[in-house]
Amino acid sequence: MPDPAARAKSRGLFSRLRSVRARLLAIALLPTLIIMPAVLALVVTWWTRQFDHLLISKVAGDLTIARQYLDRLMERSDETLHALGDSVAFARVAQAGTGDGAAMADFLDGRRRAMGLDFLYLLDPQGRRIAASPPSAQDGAAAPLWLVERRALDGQASTQIDIFGPEQLARLSPELAARAHIALVPTPGAVPTARDAEDRGMVVQSGTPVQLVDGTRTGALVGGILLNQNLDFIDTINDLVYRPGSLPEGSAGTATLFVDDVRVSTNVRLFEGRRALGTRVSQEVRAAVLGEGRVWLDRAFVVNDWYISAYEPVMDSKGQRIGMLYVGFLEAPFLALKRASLAAVGIGFLLVALIASPVLLRWAAGIFRPLEAMNATIAQVEAGTLSARTGVAATSDEIGRVAHHLDGMLDLLQQRDAELRRWTQELDRRVAARTAELKDANAQLAATQRQLVMSEKLAAIGEITAGVAHEINNPVAVIQGNLDVARDVLGPAAAPVRTEFNLIDQQVHRITIIVSKLLQFARPAEFAGHLEPVAPSEVIGDALLLVQYLLARGEIEVVRDETATCLVLMNRVELQQVLINLMVNAAHAMPEGGTLTLRTRPMVHNGRAGVSIAVADTGPGIAPEHVARVFDPFFTTKPQGGDKAGTGLGLSISFTLVDRAGGTMSLASPQGQGAAFAVWLPEADAAAAGGG
């Protein structure tokens, strides 16, 4: 059952929210505390997205610069190799005869070092190496040709990036094979692998056609650069992309070249200045770049920290994805800058709100305080205090003038009320004199009717109950007697059924007690006659015993909450009659089942100690228009006819019995929340207890 106090509190809160004060405060504070924060949140969200987009745009531009440098490296390799093939010096050595391989090898070795290549060799028209630098690359054996080699022999210069296996690198130079070998470093988030090293090499190789000694045969001049652990290459990219001052303090730019997903050339650091060679890219980035061929532009975890990153696939001469080119910078300084900016905006808003809110509240108070004074004054007048006034001075604004006029109207109202009261008092005196005799006669008639009905009802019930009790007591006595005879006859043989005999004794005793209680209720004249100290809990127990069948049939749960320990001063049978009547009414109010709550509490009423006995149900309650009449004689809300028909005398008689004992009886019935009858009885003092 909802708490009436909570409902009243909720209605009061809702009323306060609808008041002029609340509306004015809302108007004053709405722009500062709601609209401005909402706009600020939208602006901050937009700015944050633009900030993140700016970082992504920057790293995309950085990746473009890195890619352009790689392309330029390939172009320069192609140009320098083409210039070497067309040079007079090469033609002079070639005219000396390709049979002198030592002279050509020395020439190529000097040019390779000057051009910064890792290998340089000359092919004859059949694809065999005639001369090479370093000399170990000159084996003369035919091998499968790369695309750049075939194009050069066909007369077309080109530059490509390809992956060389460890055997191919060893054929060029054991030093190159050793440089390409990089031990793998376990990396969190990478794709699991059984390999422990990366020994493939990413090579930029260029080929250009050249004329051999007789001028009729076309050979090929091929040179290349191994990018694995090529720190000059990767540091140059980093210096080009992230020049000093291009990033906030604390941030750092990084660049990396990957073979597959392994870092083979990088300036990302692990610890103590060691480069993160052999670490691997995360599984998510690998799937996007190498698996799907997309360019990654987003934040990513790089070795040991978060970076704003850009990855793009590197393609070989066959159009396959063989690695990745990466650039990025630390995210943490930018996040710190973002947070600092947001904190500055938030602090600024709070300062503005703290300064503006008191001013707005003061302006609003100048409006709602006079209105509240007028509202309070009107409420006092409605409550009967006609002398109440607003006390607002007659100011120049409209609200002050309205308050001043209201005080003037209240002066006139108080004067007219005084005159009406004098006339009303005179009229009341004349009407009272005329109706006093009629009221006395009606009161005597009503009292006589109530006593007559109650006497007839109790007499009939007493006669019926006495007969029923006699009929029940006779078979009970026969049962008890025969049980005693059986116990005597059986003697020791009755031991196996002693428990059953004891149970029969208990139930026979219980029947005797129920019949005795029923006789006390139905024939009170034989058991009652004066006020006596009684324990409310005992009377409640007796009453429950008599109505237990009705509660069980209606599936009604009984909850007893009894904290009163003192005795009350009332005739025991009459109190039992009152409680039974209330319990029966509660059971009839819950035909579908419910909860019957019986509660006793110590309570002081009009300065006198006593006990409050409450009987509450969870039925539909009593309509508000009927609450004031429930204790009137012959008034009932029960249907006429049927087993639950009412006479309208139960509550009236109960009220009379409680009133005669010096107590009070009241009803509380919030609509739809059940009914709760409260009986207050005075505490039995020591004198009354001794007299009883």
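Select Ser282 to begin: this residue lies in the loop between strand 9 (262-266) and helix 9 (283-291). The model is a predicted one. Is Ser282 buried or exposed? Ser282 counts as buried, because its relative accessibility of 17% falls under the 20% limit. Add Gly189 and Ala190 to the selection; Ser282 touches both, when residues up to four places away in sequence are not counted. Then mark the C-alpha atoms of Ser282 and Val303, which are separated by 8.8 Å. Along the chain, these two residues are 21 apart.

Next, select Thr187, in the loop between strand 4 (182-183) and strand 5 (197-198). Thr187 is buried too, with a relative accessible area of 17%. Which residues does Thr187 touch, not counting those up to four places away in sequence? They are Thr279 and Arg280. Display the polar atoms here. A polar atom of the Thr187 side chain lies 3.1 Å from the backbone nitrogen of Arg280. The side chain of Thr187 also reaches the backbone oxygen of Val185, at 2.8 Å.

Turn now to helix 3, residues 88-95, and colour its buried residues: Phe90, Val93 and Ala94. Why do they share a side of helix 3? They cover an arc of only 100° around the axis, and this places them on the same side of the helix. Rotate the view to the face turned away from that buried side, where the exposed residues Val88, Arg92 and Gln95 are carried.

The tour continues with helix pairs. Two packed helices are described by the angle between their axes and the distance between the axes. Select helix 14 (residues 536-553) together with helix 15, which spans residues 572-588. Helix 14 and helix 15 pack at an angle of about 35°, with their axes 9 Å apart. Helix 14 passes helix 15 in a right-handed crossing. On the helix 14 side, the residues that meet helix 15 include Val539, Ile540, Leu544 and Leu551. Among their counterparts in helix 15 are Leu575, Leu579, Met583 and Ala587. By class, this contact of helix 14 with helix 15 has 14 nonpolar, 2 polar and 3 charged residues.

Keep helix 15 on display and add helix 17 (residues 650-660). Helix 15 and helix 17 pack at an angle of about 145°, and their axes are 10 Å apart. Helix 15 passes helix 17 in a left-handed crossing. Helix 15 contributes Glu574, Gln577, Val578, Asn581, Leu582 and Asn585 to the contact. From helix 17 come Gly650, Leu651, Ile653, Ser654, Leu657, Val658 and Arg660. The residues of this contact of helix 15 with helix 17 divide into 6 nonpolar, 5 polar and 2 charged.

Proceed to Leu667, found in strand 18 (residues 664-668). Leu667 counts as buried, at 16% relative accessibility. Select its contacts as well: leaving out residues up to four places away in sequence, Leu667 touches Ile622, Val627, Val630, Ala675, Ala676 and Phe677. The C-alpha atoms of Leu667 and Val630 are separated by 8.7 Å, with the two residues 37 apart along the chain.

Finally, show the entire protein. Its secondary structure comes to 18 helices and 19 strands. Of its 692 residues, 39% are buried. Among contacts with a separation of 6 or more, 66% are accounted for by residues 24 or more positions apart.

Technical notes: Residues are numbered from 1 along each chain as its sequence is written. This is a predicted model: local features need pLDDT of at least 70, side-chain atom pairs count only at pLDDT 80 or more; totals for chains, interfaces and linings use all residues. Side-chain values use heavy atoms; hydrogens and water are left out. Buried means under 20% relative accessible area, exposed over 50%, partly exposed in between (1.4 Å probe, protein chains only). Helices (H or I, at least four residues) and strands (E, at least two) are DSSP runs, numbered from the N terminus. The arc is that of the directions from the helix axis to the C-beta atoms. Axes are lines fitted to C-alpha atoms, for helices over the stretch in contact, and angles run from 0 to 180 degrees between N-to-C directions. A crossing is left-handed if the near helix is turned anticlockwise from the far one by less than a right angle, and right-handed if clockwise. Contact means heavy atoms within 4.5 Å. Ala, Val, Leu, Ile, Met, Phe, Trp, Tyr, Cys and Pro count as nonpolar, Asp, Glu, Lys and Arg as charged, and the others, Gly among them, as polar. A polar contact is a pair of N or O atoms within 3.5 Å; within protein, one must be able to donate a hydrogen and the other to accept it, and residues adjacent in sequence count only if both atoms are side-chain atoms.
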